[in-house]
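Here are my notes on the chain you sent, set out so that you can follow them with the structure open beside you.

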Amino acid sequence: MPERATARADAPAGFIAAIAWPGLLLSSSAILAVGFALGHPAIYFNLSYAWILLWLLLLERRLPYRADWQRADGQLKADLGHTLLNKGLVQFTIIQLMSLEFFANRGSGAVGALPLAAQVMLGLVATEFGLYWAHRLSHEWPLLWRFHAVHHSVRRLWIVNTGRFHFIDSNISVLASVPFLLVTGISMDAIIWVSAITAYIGILTHCNVAMRGGWLNYVFNTPNMHRWHHSTNLAEGNTNYGQNLLLWDQLFGTYFLKPESAPGVIGIRERMPKRLLAQLGMPFVWKRYQAAPADAGSDM
Ligand SMILES: [Zn+2]
Ligand SMILES: [Zn+2]
């Protein structure tokens, strides 16, 4: 039976499937809002992230999008290693930017006087412009694809491989998007909201949970939309580059959705070593590695 036929359609029925995505995004945001009201946004952000993570772990067991994606793929250590490494290095990059006082006097201009919700929307749209082009170039420019291929090399999507990016890939995304965020002139609170919403939507995109996107699929990068992006069929995969919003995909013609269908095989056509260290070094020996016989060097 072809794999496509075993995939549950991208529009599952049921109450939980209908409310899971907006419910988790809104409830996490509500926890962060309490944190702001109490003057402890950082602590409450961590709580909100733990909240969404625990729910997704539970839902991945109880309401999986694909049962075959629940099976181990031998990539757990590599997934966690990439996540820890790029989280640390992205934070290092952000601290460097802050030390250059890019974040000083945030929100002191006219934009900073706008209602917080308007600032957050502006920040999301502007940041997404940088994220969109960094991501699109990572697919269309072979040199960048070598790094981004690490993210796409998985054969299943679940929350643990959300943070699986080559650290150079994730730093390119930060450097390409943070300037667009800062140039808006939004306040520091709005920047925290944009970062938090990016984290919430980010962890939702990879979850192996049957969620109904509905009209949200036209606006946000829901799991249903991101699964198309991981398709080995490039007509489906080189689409939906948005990280949070699909606005720029809509405008630049890379939006893709087949509402009652689902992507079949996900992954890449090239070879990828199995171990973390080999995956980190692979972009630098890409041509030699790809040209090697399939049974040689697969675990270099
Ligand atoms: Zn991609
Ligand atoms: Zn992905």
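The points below go from the overall fold to the core, then to one pair of helices and one histidine.

1. Please keep in mind throughout that this is a predicted model. The protein chain holds 13 helices and zero strands, and from the N terminus on its elements therefore read α-α-α-α-α-α-α-α-α-α-α-α-α under the helix and strand assignment used here.

2. As to overall dimensions, the C-alpha trace spans about 60 × 45 × 35 Å along its principal axes. The radius of gyration is 19 Å, close to the 19 Å that the globule rule gives for 300 residues, so the chain is as compact as a globular protein of that length. Buried residues account for 38% of the 300 residues, and of the contacts between residues at least 6 apart in sequence, 73% join residues at least 24 apart.

3. The largest nonpolar core has 40 residues, and the members that touch the most others are Ala-20, Val-194, Ile-197 and Val-209. At least two residues of this core come from each of α2 (15-38), α3 (41-62), α5 (116-140), α8 (188-205) and α9 (223-229), with α8 giving the most, nine residues.

4. Val-209 deserves a separate look: setting aside residues up to four places away in sequence, Val-209 touches Ala-20, Leu-56, Leu-59, Glu-60, Leu-63, Pro-64, Tyr-65 and Pro-223. Apart from the largest core lies another, of five residues, which include Leu-131, Ala-134, Tyr-241 and Trp-248.

5. How do α3 and α8 pack, and at what angle? Their axes are 10 Å apart and the angle is about 15 degrees; since angles under 35 degrees count as roughly parallel, α3 and α8 are therefore roughly parallel to each other. The crossing of these two helices is right-handed. On the α3 side, Pro-41, Phe-45, Tyr-49, Ile-52, Leu-53 and Leu-56 take part, and they meet Ile-192, Ala-196, Ala-199, Tyr-200 and Ile-203 of α8.

6. Is His-206, which sits in the loop between α8 and α9, buried or exposed? His-206 has 23 other C-beta atoms within 10 Å, and because 20 or more are required for a residue to count as buried, His-206 is buried.

7. Leaving aside neighbours within four places in sequence, His-206 is in contact with Leu-157, Trp-158, Ile-159, Asn-161, Thr-162 and His-226. Phe-165 lies 41 residues from His-206 along the chain, and the C-alpha atoms of the two are separated by 13 Å.

Technical notes:
Residues numbered from 1 in each chain as written. Chains lettered and ligands numbered in written order. Predicted model: local features only at pLDDT ≥ 70, side-chain atom pairs only at ≥ 80, totals over all residues. Core = buried A, V, L, I, M, F, W, Y, C linked by C-beta atoms within 7 Å. Buried ≥ 20, exposed ≤ 12 C-beta atoms within 10 Å, placed from the backbone. Helix = DSSP H or I, 4+ residues; strand = E, 2+ residues; numbered from the N terminus. Contact = placed C-beta atoms within 7 Å. Rg over C-alpha atoms; globule rule 2.2 N^0.38 Å. Axes fitted to C-alpha atoms, helices over the stretch in contact; angles between N-to-C directions. Parallel < 35°, antiparallel > 145°, perpendicular 65-115°, else oblique. Left-handed = near helix turned anticlockwise from the far one by under 90°.
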